[in-house]
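Dear colleague,

Please find below the structure that I am handing over to you, together with its sequence. My findings follow directly after it.

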Amino acid sequence: MELFQPLSNPAFRWLFAGQLISLLGTGLATVALALLAFELEPERAGWVLGGALAIKMVAYLLVAPIVGGYASRLPRRQWLAGLNLGRALLVAMLPLVEQSWQLFGLIFLLNAMAAGYTPVYQAALPDILTDDADYTRALSLSRLAMEIESLLSPALAAFLLLFTPFALLFELNAVGFVVAASLLLLAKVPAAAPSDRSGGIWQHVSFGIRSYLKTPRLRAALLLNLALSAAGAMIIVNTVVYVRSVLGLEQQWVPALMAASGAGSMLIAFWIPALVERFGDRRLMLGGGLLLSLSLFVGLTEPGYAGLIPLWLLIGVGSSMVLIPTGRVVRNSCSESDRNDYFSANFALTHGMWLLGYLLAGWLGRDSDMPLAFFGLGVLALSATLLAAWLWPARDEEALWHHHPAVDHLHPHVHDEHHQHEHEGWEGPEPHVHPHHHHAHSHRHKFTIDEHHVHWPKQS
């Protein structure tokens, strides 16, 4: 089957196997975390879990840009394996927690490491899978793996809890991270392309987010991820409220409904590579945003349990239509040397959208006011989708005409189309650093925001 073609690449095969194992372990630990929160503070377990979720997002927002600014200087394989070993150690410490503040501290460190791991992993995939079709299939496989984990982990956790204390789930997660680290060491991960960026710490740390937000198609992709977060947060935050408080059903009806969203996401993941080839990233992602918005507005009809199943399934379909092509859009919007920065920015900013979605879903759905939650989140999703359609040009050309004024500057560089100048012999091997001059000129090539292109050109 063509979807599994990327697995013929040995490096991706080891990386993907490690991802599967770590995802399964993390799913088990998520169940155990809820039980640990209840054990620590039975009367405020929801508050503890909510605090852990907020800390997770804060860690993502703070750490990912820092990693993006400096990850190109690190050996990728050792960095990724080391972070998995670090996470194994931290997860193994969770059963020793006796107070909420200790839990919050470990959760922050765990997710700080996740913020250092995931963007670097994502940025490495285009270097491993250089074929466009294989890269798209790999994105679909990763999404499929996440949805399979979300279905299998709760069932496996429930089975294991029949025989073992929940603390064992943390230990299994730790073992999973160790195995994932071992598999990473077997993979041949290409080194990141050297960065030509100059400036101090702030320039390095902020470069990814500033460049991301200056790129029209990436601003549009971020807005579509806001629409995704609005619909996804409705499911994650309010499914249990709708089932228990609105429909008056028992808690055992919740998992099957949550699984409907995962089933929709998995179903469309098989078809995303063909849909991208036929419709392109822009049309597919905007279609996903419209589907998410429509699904939320259909919720205003106050459907019963049977009606929620296809609705949640459609939200799953729309989620994959937005999420899977996002990696392609990020890859196509940056140079090889800046991939760590852009993927880290995407990681931080899209999780910021999720934080907003969680807060709004909880606030709008307070007192079980589900029509207000559906309406408010539907308006947010539709507004974000329409604004994305306006920001993302229908004729989105990669190669753009633009003008460079004359400039003298100093930064690491190699001799490419932007650097053709004389040397005196002392400058050393490339990439090297020395003062050099750029003449004023206009030209056309694949345009990305970088050291030499700091503003998006105006198009007629």
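Ser319 counts as buried in this predicted model, because its relative accessibility is 6% and the cut-off for burial is under 20%. The residue has its place in helix 11. When neighbours within four places in sequence are left aside, Ser319 is in contact with Arg143, Leu228 and Leu292.

Helix 11 also takes part in a group of charged residues. The structure holds six salt bridges, and one of them is formed by the side chains of Asp132 and Arg328, at 3.0 Å from N to O. Distant parts of the chain are linked by this pair: Asp132 belongs to helix 5 (residues 132-160) and Arg328 to helix 11 (residues 305-332), with their positions 196 residues apart. The two partners differ in their exposure class, as Asp132 is partly exposed at a relative accessible area of 36%, whereas Arg328 is buried at 8%.

Asp132 has a further partner in Arg331, and the closest N and O atoms of that salt bridge are 2.4 Å apart. Here again distant parts of the chain are linked, with Arg331 in helix 11 and Asp132 in helix 5, 199 residues apart. Arg331 is buried, and its relative accessible area is 9%.

Arg328, for its part, also meets the side chain of Asp281 in a salt bridge of 2.7 Å, N to O. This pair joins helix 10 (residues 272-298), which holds Asp281, to helix 11, which holds Arg328; the two residues are 47 apart in the chain. Asp281 is classed as buried because its relative accessible area is 12%, and the limit for that class is under 20%. Through shared partners, the salt bridges join Asp132, Asp281, Arg328 and Arg331 into one network.

I turn next to the nonpolar interior. The largest nonpolar core has 97 residues, and the members that touch the most other members are Phe12, Leu15, Met234, Leu296 and Trp312. Helix 8 (residues 216-246) gives the most to this core, namely 16 residues. A second core of 26 residues is separate from it and includes Leu33, Leu40, Leu110 and Phe166.

Met234 deserves a separate entry. Apart from its neighbours within four places in sequence, Met234 is in contact with Thr239, Leu296, Trp312, Ala361, Met370, Ala373, Phe374 and Leu377. Two of these contacts, Trp312 and Phe374, also belong to a cluster in which ring pairs link them with Tyr242.

In total, the count of aromatic pairs comes to 10. One of them is formed by Phe159 and Phe163, which are edge-to-face, with 5.2 Å from centre to centre and 70 degrees between the planes. Phe159 counts as partly exposed at 46% relative accessibility, while Phe163 counts as exposed at 60%.

Both phenylalanines are also part of a nonpolar patch on the surface, which is formed by Leu24, Ile148, Leu152, Leu156, Phe159, Leu162 and Phe163. Together these residues have about 680 Å² of accessible area. Helix 5 gives the most to the patch, with four residues; Leu152 is one of the residues that lie in helix 5. The helix that holds Asp132 of the salt-bridge network is therefore also the main contributor to this nonpolar patch.

Finally, some values for the chain as a whole. The protein chain contains 13 helices and four strands. Of its 460 residues, 52% are buried. Its accessible surface comes to about 20,800 Å², and carbon and sulfur atoms account for 66% of that area. Among contacts between residues at least 6 apart in sequence, 82% join residues at least 24 apart.

With kind regards

Methods. Residues numbered from 1 in each chain as written. Predicted model: local features only at pLDDT ≥ 70, side-chain atom pairs only at ≥ 80, totals over all residues. Heavy atoms only, no water. Core = buried A, V, L, I, M, F, W, Y, C linked by side-chain atoms within 4.5 Å. Buried < 20%, exposed > 50% of the residue type's maximum accessible area, 1.4 Å probe, protein only. Contact = heavy atoms within 4.5 Å. Areas by Shrake-Rupley, 256 points an atom, 1.4 Å probe, with all protein chains shown as cover. Salt bridge = Lys/Arg side-chain N within 4 Å of Asp/Glu carboxyl O. Patch = residues over 30% accessible without salt bridge, like charges linked within 9 Å, V, L, I, M, F, W, Y side chains within 5 Å. Phe/Tyr/Trp six-rings, centres within 6.5 Å; stacked < 30°, edge-to-face > 60°.
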